[in-house]
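User: I should like to understand how the terms used for a protein structure are justified. Please show me the structure, and I shall ask about the terms in turn.

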Amino acid sequence: MSSAAVKLANPNAEVLRRGDALAMNIQSARGLQNVLRSNLSPRGTLKLLVDGANQLTLTKDGKVLLSQMQITNPVAVMIARAATAQDDVAGDGTTGLVLLVGELLKQAAVYVEEGVHPRVITDGFDAAKAEALRFLDSFKTTCVMDREVLCSVARTALRTKLQESVAAQVTEAVVDAVLAVAEPDKPIDLFMVEIMRVQHQTATDSRLVRGLVLDHGARHPDMPKRLTNCFVLTLNVSLEYEKTEVNSSFFYGSAEQRDKLIESERRFVDDKLRRIVDLKNTVCSGADKDCGFVVINQKGIDPLSLDVLAKQGIFALRRAKRRNMERLQLCCGGTAQNSVDDLVPGVLGRAGLVYEHVLGENKYTYVEECAAPRSVTVLIKGPSTHVLQQTHDAVRDGLRAVKNAIEDGALVAGAGAFQVACRQHLLRPEFVGAVRGKAKFGVRAFAEALLVIPKTIAANGGYDPMDVLVALEDEARDGHAVGIDLNTGEALDPAQEGIWDNYRVLRQQLHSCAVIATNLLHVDEVMRAGRASIKAPNPGEEE
């Protein structure tokens, strides 16, 4: 539909044709690129976001920035949504994807201004993307994912989001957490890793708890605060008075009848408590007489029941979250019970240490020293909500990076090594000569756009991008995989330094950036002609 036809159908429509539409797309992509450019690499800077309620967010995570920034430009919104989808699929790489899209459009604009049709350039993009993906498969390093290699992967991901001292502290916690929940020949379920935030001490005090941390404590002052070598009973049983599911009433004619009614209701709950106490006395006897007994219930426990349990030396928690009930069974073993009728010692789990920690007005219950936990907790500490949120986002990315490495079974040398090597591979005469016609320009544009990653890493490290790039290309020409040393600005071997990128992150980046840039280059008209544009004027208003 031509712009004249759109104007005829809707005089209020706004239309950008050909050159103007392409220029707007390129400027929008480069504008978003310039916003995120300074965040890339461990030396990247932070952004401070302020929302409408004056709540502050301090971050350099591309996913967080693109999700919380108020972006109104339609092209920038499209790129932001595609970049956040990259995080959902691969767990990282949002900032790099935005940089690549902006650079692809910038390189394509040079040829478009010379009269090359955008369709021809995108044909070159497609050929270059296919060859780059093939080169990635040959460039990746297949290795045994032992703990040392996984620590290098996690350290690389965390240092781009956190200070080096904090990243070093959190690295081992992230790796051990994923290894604890990983099972052979099964997908890794990261939902079994609880990330608990506690506003206390500093970020370097964060640690891994091989068990569960519950964000509430016991509701009775006389209950034990610390138990060792515990039996853990997981319940989903109401230990309090309950209302009937249908509307009903009870009538009594005397005080004796009222007392009998109350006694019968109480007896119903007391029978459940008696079974729990009997189980405790059964297992906590003989050689295990000094063992603790813990009851964690998903439903309520009334004060009278709490008092009975406290007198028996039982540590009881009520109204535990549903997600924690599943994790508790994976931590301690045992089976969750929906009834107390069939309580036997075999349904109990074991924990080496259960204790309550009071922090101000908040109580936390730690279930630790489990034998073989398949659900663990990463305990994040920090002096402020900003530090906690920043560390939380970084830990989430670190967990995904370790998970990706285990499932892929392969890694890619980082620090810009792949981008430099891929650019030289794409510009080989053998490959460029095999591409017919003007599509060669698209291949060259794609190859040059890949260098935006090492250039940005060098610039954010305080070095001259061109000097660094020349040094890298000289080394790469000899067949070495070399990246940027941010401490000296010279070339280094990423494999020796333990700097690794995820294979699936780079693969998704290469695919997504080419698709997004191709779609934007194919746009020849931008029309703001939605239904809101043809709304009739109100009575009394001038048209």
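Analyst: This is a predicted model. In its largest nonpolar core there are 71 residues, and Ile79, Leu105, Phe125, Phe418, Leu426, Phe446 and Leu510 touch the most other members.

User: What makes a set of residues a nonpolar core?

Analyst: The members must be buried residues of the listed nonpolar kinds, such as Leu, Ile and Phe, joined through side-chain atoms within 4.5 Å. A second, separate core has 44 residues, including Val232, Leu239, Ile276 and Ala310.

User: Which residues is Phe446 in contact with, leaving aside its neighbours within four places in sequence?

Analyst: Phe446 is in contact with Leu104, Phe125, Ala128, Lys129, Ala132, Leu426, Leu510, Cys513 and Ala514. Contact here means heavy atoms within 4.5 Å.

User: Why are helix 7 and helix 8 called oblique to each other?

Analyst: Helix 7 (residues 147-159) and helix 8 (residues 164-181) pack at an angle of about 130°, with their axes 8 Å apart. Roughly perpendicular covers 65 to 115 degrees, and roughly antiparallel begins over 145. The angle of about 130° belongs to neither range, and the two helices are therefore oblique. Their crossing is right-handed. Among the residues making the contact are Leu150 and Ala154 of helix 7 and Val170 and Val174 of helix 8.

User: How do you know that strand 4 and strand 14 are paired?

Analyst: Pairing requires at least two bridges. Two bridges join strand 4 to strand 14 (residues 410-413), so the requirement is met. Thr141 has Leu411 as its bridge partner, and Thr142 stands opposite Ala410. Strand 14 is also joined to strand 17, by three bridges, and there Val412 stands opposite Asp501. Both pairs run antiparallel.

User: What makes strand 4 and strand 17 edge strands?

Analyst: The three strands form an open sheet in the order 4-14-17. Strand 4 (141-142) and strand 17 (500-502) each have a single partner strand, so one side of each is left without a neighbour in the sheet.

User: Which residues of strand 14 point one way, and which the other?

Analyst: Ala410 and Val412 point one way, while Leu411 and Ala413 point the other way. In a regular strand the side chains alternate between the two faces of the sheet. All four of these residues are buried, which means that each has under 20% relative accessible area.

User: Where does helix 19 lie?

Analyst: Helix 19 (residues 503-521) lies across strand 14 and strand 17, and runs at about 60° to strand 17.

Note on methods:
Residues are numbered from 1 along each chain as its sequence is written. This is a predicted model: local features need pLDDT of at least 70, side-chain atom pairs count only at pLDDT 80 or more; totals for chains, interfaces and linings use all residues. Side-chain values use heavy atoms; hydrogens and water are left out. Helices (H or I, at least four residues) and strands (E, at least two) are DSSP runs, numbered from the N terminus. Axes are lines fitted to C-alpha atoms, for helices over the stretch in contact, and angles run from 0 to 180 degrees between N-to-C directions. Buried means under 20% relative accessible area, exposed over 50%, partly exposed in between (1.4 Å probe, protein chains only). Angles under 35 degrees count as roughly parallel, over 145 as roughly antiparallel, 65 to 115 as roughly perpendicular and the rest as oblique. A crossing is left-handed if the near helix is turned anticlockwise from the far one by less than a right angle, and right-handed if clockwise.
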